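Please look over the structure shown here, with attention to its aromatic residues and to the way its strands are put together. A short report follows.

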Amino acid sequence: MSDSFQTILSTHGKEVQIHTAQEQKTVHAFVQMIRKKETHAPEEETNFGAEDLRRWLYIGPPNQPVKVGDRLSADGQFYTVQTAEAICVGTKRTHWWALLRPERERLV
């Protein structure tokens with residue numbers, strides 16, 4: 001199953017850069033907004049403006065772990081890993097699952 005999933009990611013996934021404290025890697029993965037019935041982008045007002053409350057789903061290869069706090073970029077957008085978990089079938093890891101939030105502009 002893991003090999004089949006890897007083939008699907010390689011064929012249909014997009015290039016995603018994973019930025020950790022130690023390195024930057026490029027993988028093929030799925031990154032997609034989690035859709036809800038709402039038609040407007042949910043926001044929360046902060047002292048620095050509105051924060052986007054939408055979340056994105058990441059499904060990536062089994063050999064490239066992601067962890068909370070890692071930065072990912074795809075299609076020119078940066079995300080922060082909010083939660084992540086290795087998904088296994090039996091004892092074999094098939095992929096990594098993560099919930100992403102869009103990164104805010106950095107204050108200078």
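The structure, which is a predicted model, holds 1 aromatic pair. Its partners are Trp56 and Tyr79, whose rings are tilted with respect to one another, at 5.4 Å centre to centre and 50° between the planes. Because Trp56 belongs to strand E5 and Tyr79 to strand E7, the pair ties together parts that lie 23 residues apart in sequence. Are the two partners buried or exposed? With the cut-off for burial set at under 20% relative accessible area, Trp56 is buried at 12%, and Tyr79 likewise counts as buried at 6%.

Around this pair, the protein chain is built from 1 helix and 8 strands, and the helix precedes the strands in the pattern α-β-β-β-β-β-β-β-β. Buried residues account for 31% of the 108 residues, while the accessible surface comes to about 7,400 Å², 50% of it belonging to carbon and sulfur atoms. Among contacts between residues at least 6 apart in sequence, 52% join residues that are at least 24 apart.

Strand E6 takes part in two antiparallel pairings, which are set out below.

| Strands | Sense | Bridges | Opposite residues |
|---|---|---|---|
| E1 (residues 14-19) and E6 (residues 71-74) | antiparallel | 3 bridges | Ile18 and Leu72 |
| E6 and E7 (residues 77-89) | antiparallel | 4 bridges | Arg71 and Thr80 |

E6 and E7 also form a hairpin with 2 residues between them, and Asp75, in the turn, has a positive phi of about 55°.

The largest nonpolar core contains 15 residues, of which Val16, Val31, Tyr58, Val66, Leu72 and Leu100 touch the most other members. Two or more residues of this core come from each of E1, E2 (24-33), E5 (56-60), E6, E7 and E8 (92-102). Leu100 offers a useful view of the surroundings: leaving aside neighbours within four places in sequence, Leu100 is in contact with both partners of the aromatic pair, Trp56 and Tyr79, and its other contacts include Val31, Tyr58, Leu72, Thr80 and Val81. Arg54, Arg55 and Gln82 are also among the residues that Leu100 contacts.

Confidence should be kept in mind when reading these details. The mean pLDDT of the protein chain is 83, and 78% of its residues reach 70 or more. Confidence is highest in E6, at a mean of 95, whereas strand E4 (residues 49-52) has the lowest, at a mean of 53.

Methods
Residues numbered from 1 in each chain as written. Predicted model: local features only at pLDDT ≥ 70, side-chain atom pairs only at ≥ 80, totals over all residues. Heavy atoms only, no water. Buried < 20%, exposed > 50% of the residue type's maximum accessible area, 1.4 Å probe, protein only. Contact = heavy atoms within 4.5 Å. Areas by Shrake-Rupley, 256 points an atom, 1.4 Å probe, with all protein chains shown as cover. Pairing = 2+ DSSP bridges. pLDDT = per-residue confidence, 0-100. Core = buried A, V, L, I, M, F, W, Y, C linked by side-chain atoms within 4.5 Å. Phe/Tyr/Trp six-rings, centres within 6.5 Å; stacked < 30°, edge-to-face > 60°.
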